[in-house]
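Here are my notes on the structure, set out as numbered points. Please read them with the coordinates open.

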Amino acid sequence: MVIGGGLSGLIAARELVKQGKTVTLLEAKSTIGGRMVNQKVAGGGVIDLGGQWGGKTHYRLEALSEELKLKRYPSYYEGKGVFIWNGKSYTTDLFNDFWRSIGFSNPDDIDLPEKEKEAALQLWNELFEISKSISVEQPWTSPNAQVLDATPVSQWLLERNAAPLAQWMFGWICRGNGAQVFEPYESSMLHLAWSMAVAPPNETAEDWLFYKGAGEVAKIIANELGSRIILNAPVFKIDQDSSGLTVIYGDCKTVRAKTAVVAIPPPLRLNIQFNPPLPPRFVQLMRRTPMPSKWKVLAVYPTAFWRDQGYCAAGSGNLDVLEQTADACPPEGNPGIIASFVSGNKIGGFSQLSHQEQRALVLKDLAAYWGPQAKEPIELVIVRWTEDAWIGGGYGVTRSTGAWTAFGSGWQDDHGKVFWAGTEQSTRWPGYFEGAIEAGLAAVKRLNAVLA
Ligand SMILES: Cc1cc2nc3c(=O)[nH]c(=O)nc-3n(C[C@H](O)[C@H](O)[C@H](O)COP(=O)(O)OP(=O)(O)OC[C@H]3O[C@@H](n4cnc5c(N)ncnc54)[C@H](O)[C@@H]3O)c2cc1C
């Protein structure tokens with residue numbers, strides 16, 4: 001039995017079928033794929049509403065795309081980027097080394113006081129050094145873990161008299177440029193450093209794209225699994241006994257299984273009533289493991305007009321709504337597609353606006369980065385992940401300040417015949433597709449060891 005039809009659950013089910021086992025996959029929604037879902041748009045294009053990029057060291061995802069015969073192409077990084085600071089726009093080269101970057105940009109091209117840039121980069125380096133000392137499996141055992149976990153990122157910055165540029169850089173990385181999305185006052189230096197250790201930014205997480213969109217992966221695997229998948233089947237109770245499990249889902253339907261791989265976003269595990277119950281400390285950890293606030297914006301244009309002007313659509317800066325943009329086009333730039341995000345607490349006020357007002361603010365920021373043409377998309381899609389009841393946000397979970405050291409030690413522990421999967425279970429690229437694959441396969445391995 002597999003619960004959750006995102007990439008991780010699909011991979012687990014596929015692996016069990018490969019091993020000749022009987023599998024049923026229960027998915028709460030009427031669609032498959034979870035955070036991996038694509039859609040056709042104007043101009044003959046395809047967009048991914050959730051995850052999209054593969055990274056340089058996402059070897060499992062790469063191998064899977066080859067197995068499924070899905071073609072890939074490199075992300076477009078030719079040309080200049082743009083960095084915007086307090087309303088002023090700088091055309092820049094992209095960074096070569098993440099740990100000497102401001103947003104996506106080379107700091108040498110940003111005309112701000114050298115002292116302020118260097119001070120910010122020094123703090124960046126301090127973070128890098130801490131990240132090298134973090135245990136990815138047991139972060140609470142890392143050097144100085146207690147102090148680091150008791151220190152919100154914002155406090156750490158204040159203690160170092162960080163200027164606004166450094167504060168923004170840390171906010172940007174916390175909110176936007178890793179899988180762990182949080183405001184700097186919501187999580188600790190230990191968690192930030194851990195997120196850098198498990199998903200190293202220098203390994204280029206946005207290196208390549210799928211021709212037909214990443215969502216195609218989920219569709220193909222779902223097709224292979226066929227009638228083993230039951231949609232509209234939210235699981236709300238799992239009873240364990242000496243011979244197996246009784247899983248109760250949907251309109252009080254019941255199914256028996258020997259074991260279950262549960263591949264749903266971690267905080268949603270608490271929506272399921274487990275008997276025997278989950279250990280209290282594990283429950284406390286889940287309560288400190290929220291799905292972060294993340295919306296995705298996809299603006300579609302007839303062509304990638306920015307490429308003709310020598311840009312690659314890599315934008316970053318302290319704008320009101322969009323702190324980063326990226327080129328998400330097919331290789332020939334036709335249609336032109338820019339991906340962007342509304343992140344963290346910016347969503348609070350933004351979500352209270354009408355859809356028309358949200359659209360106007362998004363277009364204003366896109367135009368600030370890429371000029372007046374950016375105000376005229378042929379289609380603008382805003383994906384409000386926080387409003388998806390069965391996922392709750394993105395990219396992947398985060399942990400609140402102090403959670404790792406107080407409650408973390410059982411974070412990967414299975415629960416009897418219930419084996420946890422889902423991207424967040426992984427210690428290599430959690431929050432990414434790569435982590436989802438690893439976690440799905442690892443859950444099957446553990447399950448086999450118990451059944452053997
Ligand atoms: C906006 C956004 C951008 C992203 N960009 C990237 C990217 O570029 N590259 C990358 O590698 N990753 C990216 N990610 C992350 C990536 O999409 C996820 O890490 C991955 O898809 C998670 O897969 P999963 O199977 O672990 O979880 P999910 O995809 O969340 O699947 C879990 C499934 O469980 C179901 N479920 C929940 N509760 C129940 C229940 N009680 N009973 C039955 N079913 C239930 C849900 O409906 C869902 O289908 C992004 C994510 C988002 C949101």
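**Notes on the predicted model**

1. Seven-stranded sheet. In this predicted model, an open sheet is built from 7 strands in the order β7-β6-β16-β17-β18-β15-β19, and its pairing is mixed. β7 (88-92) and β19 (379-384) are the edge strands, each pairing on one side only. From one strand to the next, the twist averages 20 degrees.

2. A pairing within that sheet. Strand β16 (residues 311-317) runs antiparallel to strand β17 (residues 324-327), and 2 bridges join them. Ser316 stands opposite Gln324 in β17. In general, the strands of a sheet pair through backbone hydrogen bonds, in either a parallel or an antiparallel sense.

3. Helix over the sheet. Helix α12 (residues 355-370) lies across β6 (80-85), β7, β15, β16, β17, β18 (336-343) and β19. Relative to β19, α12 runs at about 115 degrees.

4. Four-stranded sheet. A further open sheet has 4 strands in the order β12-β11-β10-β14, again with mixed pairing. The edge strands here are β12 (253-257) and β14 (273-275), and each pairs on one side only. Neighbouring strands are turned against each other by 15 degrees on average, direction ignored. Strand β10 (residues 235-241) pairs with β14 in the parallel sense over 3 bridges, and Lys237 stands opposite Gln273 in β14.

5. Domains. How is the protein chain divided? The assignment gives domain 1 (2-35 + 214-290 + 411-451), domain 2 (38-77 + 206-213 + 292-387) and domain 3 (113-203). The centres of domain 2 and domain 3, taken over C-alpha atoms, are separated by 26 Å. Contact between these two involves 13 residues of domain 2 and 9 residues of domain 3. On the domain 2 side, the touching residues divide into 2 nonpolar, 8 polar and 3 charged.

6. Ligand shell. Where does the ligand shell lie with respect to domain 1 and domain 2? Both domains give residues to the shell, so it lies between them. There are 40 residues around the ligand, and those that come nearest are Gly4, Gly6, Gly34, Gly51 and Gly394. By class, the shell has 20 nonpolar, 15 polar and 5 charged residues.

7. Elements supplying the shell. α1 (7-18), β15 (294-301) and α14 (433-451) each supply at least two residues of the shell around the ligand. α1 gives the most, with 3 residues. β15 is also a member of the 7-strand sheet.

8. Packing of α1. Besides its part in the shell, α1 packs with helix α8 (residues 215-225) at an angle of about 35 degrees, the axes being 10 Å apart. The crossing of α1 past α8 is left-handed. Leu7, Leu10, Ala13, Arg14 and Val17 of α1 make the contact with Val217, Ala218, Ile221, Ala222, Glu224 and Leu225 of α8. By class, this contact has 9 nonpolar, no polar and 2 charged residues.

9. α3 and α6. Helix α3 (residues 114-132) and helix α6 (residues 164-175) have axes that come within 8 Å and cross at roughly 40 degrees. α3 passes α6 in a right-handed crossing. From α3 the contact takes Glu116, Lys117, Ala119, Ala120, Leu123 and Trp124, and from α6 it takes Leu165, Ala166 and Met169. These residues divide into 7 nonpolar, no polar and 2 charged.

Technical notes: Residues numbered from 1 in each chain as written. Predicted model: local features only at pLDDT ≥ 70, side-chain atom pairs only at ≥ 80, totals over all residues. Domains from an automatic or database assignment. Contact = placed C-beta atoms within 7 Å. Nonpolar A, V, L, I, M, F, W, Y, C, P; charged D, E, K, R; others polar. Near = placed C-beta within 6 Å. Axes fitted to C-alpha atoms, helices over the stretch in contact; angles between N-to-C directions. Left-handed = near helix turned anticlockwise from the far one by under 90°. Pairing = 2+ DSSP bridges.
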